[in-house]
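Below is a short note on the model you sent round. Please read it with the coordinates open.

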Amino acid sequence: DRVVQEIASPQVDRAENPLAAPDMTEDWRDNVSQILDSSHTLHLSRIFCEIWLLGMIIGSVIYYMGWRRLKYILCFSEPTKHEHQMIFDRCYQELNLKNKIILLQSDLVDSPMSLWWKHSYIVLPKKESHSLSYLQMEHILLHELMHFKHKDLEVNSICLVLQLIYWFNPFVVWAFSRMRLD
């Protein structure tokens, strides 16, 4: 009886033969359940929640600083030349837009930008806007007005919130950075 038992599960002294296979009589699921004990799981969940919350706070601070910069740009922007305003008005009517959009210029921007803060704004770079032809200015203004027509600024605001929530997902970060290239 003992011989049959020895053959079925031989007892190997690990000191004599360290390369011998370990004794697998214990169920591996017991070991896993001990590792994933509820106290450890709660501790890991809390750590992950704290890391996620820290990422949200850092992202919120970064977005807040960007928002403050946009407010600063608006404070120090001024109305454009009359010729530019006339081109803008014609483009605005051509696209049949309903919401009021204010056209401004500023030394603080390097390229045209659309903003959405209480009102809708288009801010042009002051230095470069004077050297543009009528056709170039028309194309720039039509492009910026299309952002308002397609509700790009509203979509971008929703995406910012989603990016704050899913900041840890590299695919989300990559997708939103690709979206904002325009």
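The points below go from the whole chain to single elements.

1. Overall make-up. The model is predicted. The protein has eight helices and four strands, and their order along the sequence is α-α-α-β-α-β-β-β-α-α-α-α.

2. Burial and surface. The protein has 182 residues, of which 25% count as buried. About 13,600 Å² is exposed, with 63% of that area supplied by carbon and sulfur atoms. Among contacts in the protein with a separation of 6 or more, 56% are between residues 24 or more positions apart.

3. The sheet. Four strands form an open sheet in the order 1-2-4-3, and the pairing is mixed. Strand 1 (78–79) and strand 3 are the edge strands, each pairing on one side only. Strands 3 and 4 run antiparallel and are joined by five bridges. Trp117 has His119 of strand 4 opposite it.

4. Helix 6, geometry. Helix 6 covers residues 134–149, 16 residues in total. At 1.5 Å a residue the helix should span 22 Å, and its end C-alpha atoms are indeed 22 Å apart, so the two values agree. After helix 6 comes Lys151, which has a positive phi, near 60°.

5. Helix 6, burial. Which residues of helix 6 are buried? They are Met137, Glu138, Leu141, Leu142, Glu144, Leu145, His147 and Phe148. The cover over these buried residues includes helix 4 (82–95), strand 2 (101–106), strand 3 (113–117), strand 4 (119–125), helix 5 (126–129) and helix 7.

6. His147. This residue lies in helix 6. Its relative accessible area is 8%, and the cut-off for buried is under 20%, so His147 counts as buried. The side chain of His147 makes a polar contact of 2.8 Å with the side chain of Asp152.

7. Helix 7. Helix 7 (residues 152–165) has 14 residues, and the distance from its first C-alpha to its last is 20 Å, close to the 20 Å expected at 1.5 Å a residue. Its buried residues are Leu153, Cys159, Gln163 and Leu164. Where do the buried residues of helix 7 fall, seen down its axis? They fall within an arc of 140°, and so they line one face of the helix. As general background, an α-helix has 3.6 residues a turn, so residues three or four places apart point the same way.

Note on methods
Residues numbered from 1 in each chain as written. Predicted model: local features only at pLDDT ≥ 70, side-chain atom pairs only at ≥ 80, totals over all residues. Heavy atoms only, no water. Helix = DSSP H or I, 4+ residues; strand = E, 2+ residues; numbered from the N terminus. Buried < 20%, exposed > 50% of the residue type's maximum accessible area, 1.4 Å probe, protein only. Contact = heavy atoms within 4.5 Å. Areas by Shrake-Rupley, 256 points an atom, 1.4 Å probe, with all protein chains shown as cover. Expected span 1.5 Å × (residues − 1). Arc of directions from axis to C-beta. Polar contact = N/O pair within 3.5 Å; in protein donor to acceptor, adjacent residues only side chain to side chain. Pairing = 2+ DSSP bridges.
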